[in-house]
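User: I would like a close look at the charged side chains in this model, and then at how they sit beside the aromatic pairs and the ligand. Please take it step by step.

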Amino acid sequence: MSKSISGFSKLSKSKKIDWIVNTYFSNTDDAKRILKQYWNNDEKLQQLHDEFIENTITNYYLPLGVAPNFLINNKLYTIPMAIEESSVVAAASKAAKFWMDRGGFKTKVISTTKIGHVHFLFRGNFDKLKTFFDSIKPKFYSEAKSITQNMEKRGGGILDIELRSKTEELNNYYQLHAKFETLDAMGANFINSCLEQFAKTLKTEALNYEGFTQDEKQIEVVMSILSNYVPDCLVRAEVSCKVDELTQKNIDGKAFAEKFVQAVKIAEIETYRAVTHNKGIMNGIDAVVLATGNDFRAIEAGVHAYATKSGAYSSLSHAKIENGVFSFWMEIPLALGTVGGLTGLHPLVKLALEMLHHPSAKELMQIVAVAGLAQNFAALRSLTTTGIQQGHMKMHLMNILNQFEATETEKNILSKQFENQTLTHSAVVSAIENLRSNN
Ligand code: MEV
């Protein structure tokens, strides 16, 4: 039975573990051993990880894989990917190689604007609010100067602040809708600090504004926060080649391209398919976002919101054949950083960024978009030709064998056996049982 506890966060790490294992596990020694097995021997490194979050009891490993041969705007990259799902890295590598031989990926950053809001309530006349806003607008900039001056020196800062009325949707609800350029930083702290300063300026100036009645002076700030919806922080990735160049073993290029385009069109009009199609894109995107120390939840939320921009959830990628040329592309919003946050703290993140030639945030946007497009290409290629299970199960074989604690010899025998046999979970289980009963 679960118990509640007060003061848990104040306990030492070992006391926290004692409480957890005594409360939840019958075999306390075993639970403790497993938790400690994942600690790093290097105490400083362990402390670094302990301090990333709160109440840390151990580390949760994800494999870090690499996908080489990505040719992006004529420059070669090996892309680091942190992900638990088998076959994603293999698919990325295959797609990279495929397109390396056909001109590679072409990418372009379309825009880099980030957005944040002060959400507030105002009970009064909108025209008066607008006049007030226009009169104090320069103060938003001047009073945030101590926060913005360094960013401005580097060429970024506050781009604009607008007053927006939302009263048609919610009584008395207005926003300061602010736009920012945060350069190589993801910018969450910068934006939120600016917004909180805007909120202070707004409230203080309202109290002192002579044009307001007593009621109007009482502006109520509900919250100040950046938005993870960044439709103006947009990057485009594309591949294209003559349809004939798509001819592969047993597959005619034209037939392949036509079926591929059809598969994308289905994801454009059918939400059930679009969600899975986009999930495949996110397999690539999240893995690189994680490996480079960025916030994959923010990216996920922003990208999926963007997928609904037409009013219905739809495919993020598009494809066409025109004058014998196949093109496949995607435009997605990606607010990424290559400085600040984990990027300067996590040794593996530093390594990942070095592997990517120390990219700027703009370069990272392009690399991440390519990883998404490549993943989508690989998935659609399998789905429209052999079916997904052939490759997927092959990669999954090791997971099943590990589940059964197969020895190296058993792994070798069974990997060979399944080169010529249809691979399903139950077939692998019977094969292990057979092998063991014959020994
Ligand atoms: C599996 O993680 C991703 C796919 O389902 C994507 C897709 O269907 O396009 C293979």
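Which residues, Glu-162 among them, are linked in a network of salt bridges?

Analyst: The model is a predicted one, and every value below is computed from its atoms. The network of salt bridges that contains Glu-162 also takes in Arg-164 and Lys-179. That network belongs to a wider set, since a search of the whole structure finds 19 salt bridges. As a general point, side chains of opposite charge can pair when their charged atoms come close.

Three individual pairs can be followed in detail. In the pair of Asp-18 and Lys-32, the closest N and O atoms of the salt bridge are 2.8 Å apart. Because Asp-18 belongs to helix 1 (residues 13-24) and Lys-32 to helix 2 (residues 28-37), this pair ties together parts that are 14 residues apart in sequence. Asp-18 has a relative accessible area of 25% and is therefore partly exposed, and Lys-32, at 28% relative accessibility, also counts as partly exposed.

The other two pairs each sit within one helix. Lys-130 forms a salt bridge with Asp-134, with 3.0 Å between the closest N and O atoms; the two residues are four apart in helix 5 (residues 126-143), so about one helical turn separates them. Lys-130 counts as partly exposed at 32% relative accessibility, and Asp-134 counts as partly exposed at 41%. In helix 9, Glu-258 and Lys-254 are likewise four residues apart and so separated by about one helical turn, and the closest N and O atoms of their salt bridge are 3.2 Å apart. Glu-258, with a relative accessible area of 39%, is partly exposed.

Charged side chains also meet aromatic rings. Lys-13 lies over the face of Trp-39, at 4.2 Å from the ring centre, while the charged end of Lys-16 sits over the ring of Phe-8, 6.0 Å from its centre. A further lysine, Lys-309, is placed in the loop between helix 11 (296-306) and strand 9 (317-322). With a relative accessible area of 55%, Lys-309 is exposed, and its C-alpha atom is separated by 9.0 Å from that of Pro-231, although the two residues are 78 apart along the chain.

Helix 9, which holds Glu-258 and Lys-254, leads on to the aromatic residues. A pair of aromatic rings is described by the distance of the centres and the angle of the planes. The structure holds 25 aromatic pairs. In one of them, the ring centres of Trp-99 and Phe-326 are 6.3 Å apart and the planes stand at 15°, so the pair is stacked. This stacked pair links distant parts of the chain, with Trp-99 in helix 4 (residues 88-100) and Phe-326 in strand 10 (residues 325-333), 227 residues apart. Trp-99 counts as buried because its relative accessibility is 0%, and Phe-326, with a relative accessible area of 0%, is buried as well.

The rings of Phe-256 and Phe-377 have their centres 6.3 Å apart, but their planes meet at 70°, so this pair is edge-to-face. Since Phe-256 lies in helix 9 (residues 253-269) and Phe-377 in helix 13 (residues 361-384), the pair ties together parts that are 121 residues apart in sequence. Both Phe-256 and Phe-377 are buried. The stacked pair and the edge-to-face pair belong to one aromatic cluster, which is formed by Phe-98, Trp-99, Phe-256, Phe-260, Phe-326, Phe-328 and Phe-377.

Charged residues appear once more around the ligand, where the surrounding residues include Glu-85, Arg-273 and Lys-279, together with Thr-276, His-277, Gly-280 and Asn-283. Ala-379, Leu-383 and Ile-388 are also among the residues around the ligand. In the side chain of Glu-85, an N or O atom is 2.6 Å from an oxygen atom of the ligand, and a polar side-chain atom of Lys-279 lies 2.7 Å from a ligand oxygen atom. For Asn-283, the distance between an N or O atom of the side chain and an oxygen atom of the ligand is 2.9 Å. Taken alone, the ligand exposes 300 Å², of which the protein buries 84%.

Conventions
Residues numbered from 1 in each chain as written. Predicted model: local features only at pLDDT ≥ 70, side-chain atom pairs only at ≥ 80, totals over all residues. Heavy atoms only, no water. Phe/Tyr/Trp six-rings, centres within 6.5 Å; stacked < 30°, edge-to-face > 60°. Buried < 20%, exposed > 50% of the residue type's maximum accessible area, 1.4 Å probe, protein only. Lys NZ or Arg CZ within 6 Å of the ring centre and 35° of its normal. Near = heavy atom within 4 Å. Polar contact = N/O pair within 3.5 Å; in protein donor to acceptor, adjacent residues only side chain to side chain. Areas by Shrake-Rupley, 256 points an atom, 1.4 Å probe, with all protein chains shown as cover. Salt bridge = Lys/Arg side-chain N within 4 Å of Asp/Glu carboxyl O.
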